[in-house]
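Student: I would like to go through this structure with you, beginning with the overall fold and ending on one helix. Could we take it step by step?

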Amino acid sequence: MNATPVSWAGAPIAVVGIGADGWDGLGRAAREAVGGAEVLFGSARQLALVPPAVAARRVTWPSPLLPALPDLLQRHGGARLCVLASGDPMFYGIGVTLARLLGPQALRVLPQPSSAALACARLGWPLAQTPVVSVVGRPLATALPELSDGRRLLVLSADEHTPRDLAQLLGRHGFGGSELTVLEQLGGPAEQRRAGIAKQWEHPPGDPLNIVAITCAADRDQPRATRLPGLPDELFGGDGQLTKQEVRALTLAALAPAPGELLWDVGGGSGSIAIEWCRAHPGNRAVAFERLERRRRQIADNAEALGVPHIHVRAELRAELAADAGIGTPDAIFVGGGLTQDGVLETCWARLRHGGRLVANAVTAESESLLLNWAGAEGGVLRKFQIYRAEPLGSFTTWRPQLPVTQWSVVKTAQAFPVEG
């Protein structure tokens, strides 16, 4: 949920990063910003780090914060405001939310080292090459797409239970041999670390302020599941209604996902296209449309198991649009099912933004004919491919063909018009 942007007419808000070392770790400019404030916002833990001599009125953030934030700031808009944040406010912090809500010109940000920077300093890891996943307010499964044998990553914990829950998650997904290092209260007098192997994790919950470093070790029989498209078919549960691995890789290449973009996956089946789209980048979003309820449940289960639980799963496309479900304007649309249903392609084409991409796959003569007509009117690229897989034939090996696939991919230009008839 994003708060509606508001116009800020007050003085710039000081957003001050404060570490576990508290007041002693702040520089002169940061201390002056806090000391000169009339109203000081922050969590109870952050506010407790400021000495009583600072006379500002202290306001603890409400929960949930985001819906209350615009009104809370406006009520204090005539005062000198200061917001406390953990470490770097622009690193998964309140500074990002405030910049989106008020605009960067409304802020004066004074950062401290982030927890990721401190963790890499302690471990000797290169910060620029170490991926960071936050599970603060996000499902733990969002860490799964980053896992790869031998890779190192950091996880920003939600609380003291995150290390244990993360160790269990790794064990369930074939990474039980991974090494975990929990770094608590980084930069403060109570700093400490605990380490162990995920499948043997027995440490009790520690400090809620922690970050977890993982050195991934995959089980020997664990299928590779990187962010590149073309995951093994066996990773998707369901009734077999999915775009197969090789065709899926070609389809994702044609869809060309870019960070932060929204996909509509029409005729979702097992959700494989939407899932691989979202795995391509943490900021990618998708809505999967599937008319059968059992398949909608399977899409949600697959999305959770493959680390992209934020995929929205909806019923039939036009019914959802008629209900004004607020599903956004897509940057790309994939039509993998229901091509011959009246109005499906027309609806998709009308809702696709200019410059967006549409990719449709057909395996029947009727749906192929439809794509030929659309390509004749709108242009784009037509491809046809067939995949063969080796299978045993007695004591020999033969090539077993899969169904040939006709694919139409097109970019919607400003001059494009809907197909008539």
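**From the whole chain to one helix**

Student: Among contacts between residues at least 6 apart in sequence, what percentage joins residues at least 24 apart?
Tutor: Happy to start there, keeping in mind that this is a predicted model. The chain has twelve helices and 19 strands. Of its contacts between residues at least 6 apart, the share joining residues at least 24 apart is 65%.

Student: And what percentage of the 421 residues counts as buried?
Tutor: Buried here means under 20% relative accessible area. The accessible surface of the chain is about 20,200 Å², with 52% of it on carbon and sulfur atoms. The buried portion of the 421 residues is 45%.

Student: How far apart are the mean positions of the positive and negative charges?
Tutor: The chain carries 40 positive and 40 negative charges. Its C-alpha trace spans about 80 × 55 × 35 Å along the principal axes. The two mean positions are separated by 3 Å.

Student: How far apart are the end C-alpha atoms of residues 13–194?
Tutor: An unreviewed UniProt entry gives this span as "domain: Tetrapyrrole methylase". The span is 27% helix and 23% strand. Its end C-alpha atoms lie at a distance of 38 Å.

Student: Which strands are included in what covers the buried residues of α5?
Tutor: Helix α5 runs over residues 115–123, and A116, L118, A119 and C120 are buried in this helix. Just after α5 comes G124, with a positive phi near 75°. The cover over the buried residues of α5 includes β6 (132–134), β7 (152–156), β8 (179–184) and β10 (210–215).

Note on methods: Residues numbered from 1 in each chain as written. Predicted model: local features only at pLDDT ≥ 70, side-chain atom pairs only at ≥ 80, totals over all residues. Heavy atoms only, no water. Helix = DSSP H or I, 4+ residues; strand = E, 2+ residues; numbered from the N terminus. Buried < 20%, exposed > 50% of the residue type's maximum accessible area, 1.4 Å probe, protein only. Contact = heavy atoms within 4.5 Å. Areas by Shrake-Rupley, 256 points an atom, 1.4 Å probe, with all protein chains shown as cover. Lys, Arg positive; Asp, Glu negative; His and termini not counted. Charge placed at Lys NZ, Arg CZ, Asp CG, Glu CD. UniProt positions renumbered as here; feature names shortened; annotations may be inferred.
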